[in-house]
Amino acid sequence: MDMETELRNYQLSHELSGHEDDARGICVCGNAGIATSSRDKTVRYWVSHPTDKRKYELSKILPGHSSFVGPLAWIPPNEVLSEGAIVSGGMDTMVFVWNLSNGEKVHSLSGHQLQVTGVVLDDEDIVSSSVDCTLRRWRRGKVVESWEAHKSAIQAIIKLPSGELVTGSTDTTLKLWKGRTCLHTFAGHSDTVRGLANMHGLGILSASHDGSIRLWALTGEVLMEMVGHASIVYSVDSHVSGLIVSGGEDCSAKIWKDGVCVQSIEHPGCVWDVKFLENGDIVTACSDGVVRIWTSHQERIADPVDLDSYVSKLSQYKLSRKRVGGLKLEDLPGLDTLQIPGNSDGQTKIIREGDNGVAYAWNLREQKWDKIGEVVDGPGDDIKRPVFYGIEYDYVFDVDIGDGEPIRKLPYNRSDNPYLTADTWLLKENLPLAYRQQIVEFILQNSGQGGAALDSSFRDPYTGSNAYIPGGSSSMSVVLAKPILKHIPKKGMLVFDVAQFEGIMKKLTEFNNSLLSDSDKKNLSLSELEISRLSAVIKILKDTSHYHTSKFADADIALLLKLLKSWPLAMIFPVIDILRMLVLHPDGGTVLLKHVEDKNDTLMEMIKRVATNPPLSPNLLTGTRVVTNLFKNSRCHYWLQKHRSEILDAFSSCYSSPNKNLQLSYATMILNYAVLLIERKDHEGQSQVLSAALEIVEEENIEVDSKFQALVAIGSLMLDGLVKRIALDFDVENVAKTAKASKEAKIAEVGADIESLTK
């Protein structure tokens, strides 16, 4: 590619439409095609159009993940896979290998505890990275080794041409690996390292949440830093020509040459991934669900109709985000509202005229609306402007957050979006987003934008002469009130404490009679004495007024545990239901704990049995409720924490069950685990529970109360736990946004709570 071609602007070549939610990942499969992944839980494979070489057409849809899909890798054709294969990793913790000949799974690789964030080929092996901080090496469908590569979530992995692996992490570092040996740790970014790429002949490219892209030599030296994105940079790639492309939260793909941004391609949503094709074209994956190909070659540019369509789509998107005086432009009334008379002289209205907000004032004497002008005019150039960190601003406010903290500076230009300014500032200062509205109102009031135009004599009605005017003293301050959250954090444990004891005993008797009538299973049946013992247990459980004095014999517990092991799988759910109520009894939980702390942990055996042999809905329902009720007894907390991973793995499929009661039982267990692990400051455990809760809210057919419990768990873990950054990496902002838009009041409320924590 010659220099002239390199510096031509990229233009749209083709759109790959089909994904039903965010397009998240891209894999260039040599010259064979392009694979893409999505939040819609699918991988799609696209091949070149037979007649129009600019275009690609859908070849295969690969459904199978139970949550959104991210990283992809391509296995070239070989003797076994004649058309090659695609490797995909998902939030469901799975790695799948797909045969491109027939679209079937070749391998399902299970082992990671949390979201899979990267997959690469290392000779014939697959190496995967995860938020669980580990790397796993897979060979012919089996894991051959795994190791903890970082102390925080791993967000990306690549293989260098020289054979080493490179990982990027939430801990802000990159690590260079030869096998399991870390050769070097690269420190320099100030936030999560989200994307990695090889820079041909030079070193490693990294993209970070700190808004920068860095080029590193393999020795760890920073060769170049590229700053230009206004927010998180999610991905980066390079081309043999020396060009670099990056994609980010600021809805742009940026093209860099020698460290300088030479073009910024706007998108109608955040850009999750970017890749170069061999011919120099660029592929981008956008949150609007569309994968786009961009070219600098005239012959591959899209038809004028398609170019115009994209410009229109982009304009509509930008218009939907534009704000005037803190209001969305598209929400402003049109000119027809001026047909309605005002209520008082000087009353102002902001209406939408084209792409602008225009202010009008009511003229009482002439009974008409007088046009004042556009709302966002800034102060004149002749006014001396304050400087903050070497940059001139219209305003630099003092902000007092209280609690003895130092005064903080908030710079602002009148042409800025006050909401974006507030969000950026709160993120920079590590303050809750719940302060957002206060900051916006403060900005609008003290910049004169509460009205239609800046008046140099403006004084804020609340603070009088302290209002800051450009050129004057920046002595204005605001004291922030602490955010009030409606549903989080969750305190205390939830239990299932209602039982139909007569129904339980009736079902036990029915099953026992069935065993008695079966000559092969008669030896499993209960004697009359054992039935009497169970009746006595139920009598104690029904008499809640004497829980403080009633006791259970060891033999009572031993009988229940014997039935859990010996009775046929389809018959044990009423036994588990007795156990569910027994653990709520002060003495029952204590006596049970003696048995499960022995070498033979019958309770853990029961959980594994009901979850795998095969899983029956009544057993899963009563099993999850037993575990949920164990949280009520603090003496069981150590056991619950110790077996957390096994328990969550055993019941992990419950959220997708069509049984709404089972969904709720599982979600309640997850919420109780969140409360316990926050109290225990268990970072690894909190990460696993967060992942499980996010899977619940992502499930399309989830019951409302179950979704609510899961959202409360997410919010509590973010507020009081240790996993807020991991939640942000999981794109919890989108979860909060979706919940906030729900018609169910409590879902919308907890969504708003989480949204206030996302920055």
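**A helix pair, a hairpin and two buried helix residues**

Good morning. I begin with the left-handed crossing in which helix H10 passes helix H11. The model under discussion is a predicted one.

Two packed helices are described by the angle between their axes and the distance between the axes. For H10, spanning residues 602-612, and H11, spanning residues 617-630, the axes approach within 9 Å and their crossing angle is roughly 150°. That makes the two helices, H10 and H11, roughly antiparallel, since angles over 145 degrees are placed in that class.

Which residues of H10 and H11 meet? From H10 the contributors are Leu603, Ile607, Val610 and Ala611, and they meet Asn619, Leu620, Val626, Val627 and Leu630 of H11. Sorted by class, this contact of H10 with H11 comprises eight nonpolar residues, one polar residue and no charged residues.

I turn now to a hairpin. Strand S22, residues 233-238, is mostly covered, with six of its six residues buried. S22 is joined by five bridges to strand S23, residues 244-248, and the two strands run antiparallel. One of the residues to inspect here is Asp237, whose bridge partner in S23 is Val245. Between the strands of this hairpin there are five residues, and Gly242 adopts a positive phi near 105°.

The last part concerns helix H14, which covers residues 660-679 and includes Ser665. Is Ser665 buried or exposed? Its relative accessible area is 0%, and Ser665 is therefore buried. Setting aside residues up to four places away in sequence, Ser665 touches Phe496, Leu621, Thr624, Arg625 and Thr628.

Ile670 is also located in helix H14. Ile670 counts as buried because its relative accessibility is 0%. What does Ile670 contact, once its neighbours within four places in sequence are left aside? The contacts of Ile670 are Leu648, Val689, Ala692, Ala693, Ile696 and Ala713. For Ile670 and Ile696, the separation in sequence is 26 residues, and their C-alpha atoms are 9.7 Å apart in space.

To summarise, H10 and H11 are roughly antiparallel, and their crossing is left-handed. S22 and S23 are antiparallel strands joined by five bridges. In H14, Ser665 is buried, and Ile670 is buried. Thank you for your attention.

Conventions. Residues numbered from 1 in each chain as written. Predicted model: local features only at pLDDT ≥ 70, side-chain atom pairs only at ≥ 80, totals over all residues. Heavy atoms only, no water. Axes fitted to C-alpha atoms, helices over the stretch in contact; angles between N-to-C directions. Helix = DSSP H or I, 4+ residues; strand = E, 2+ residues; numbered from the N terminus. Parallel < 35°, antiparallel > 145°, perpendicular 65-115°, else oblique. Left-handed = near helix turned anticlockwise from the far one by under 90°. Contact = heavy atoms within 4.5 Å. Nonpolar A, V, L, I, M, F, W, Y, C, P; charged D, E, K, R; others polar. Buried < 20%, exposed > 50% of the residue type's maximum accessible area, 1.4 Å probe, protein only. Pairing = 2+ DSSP bridges.
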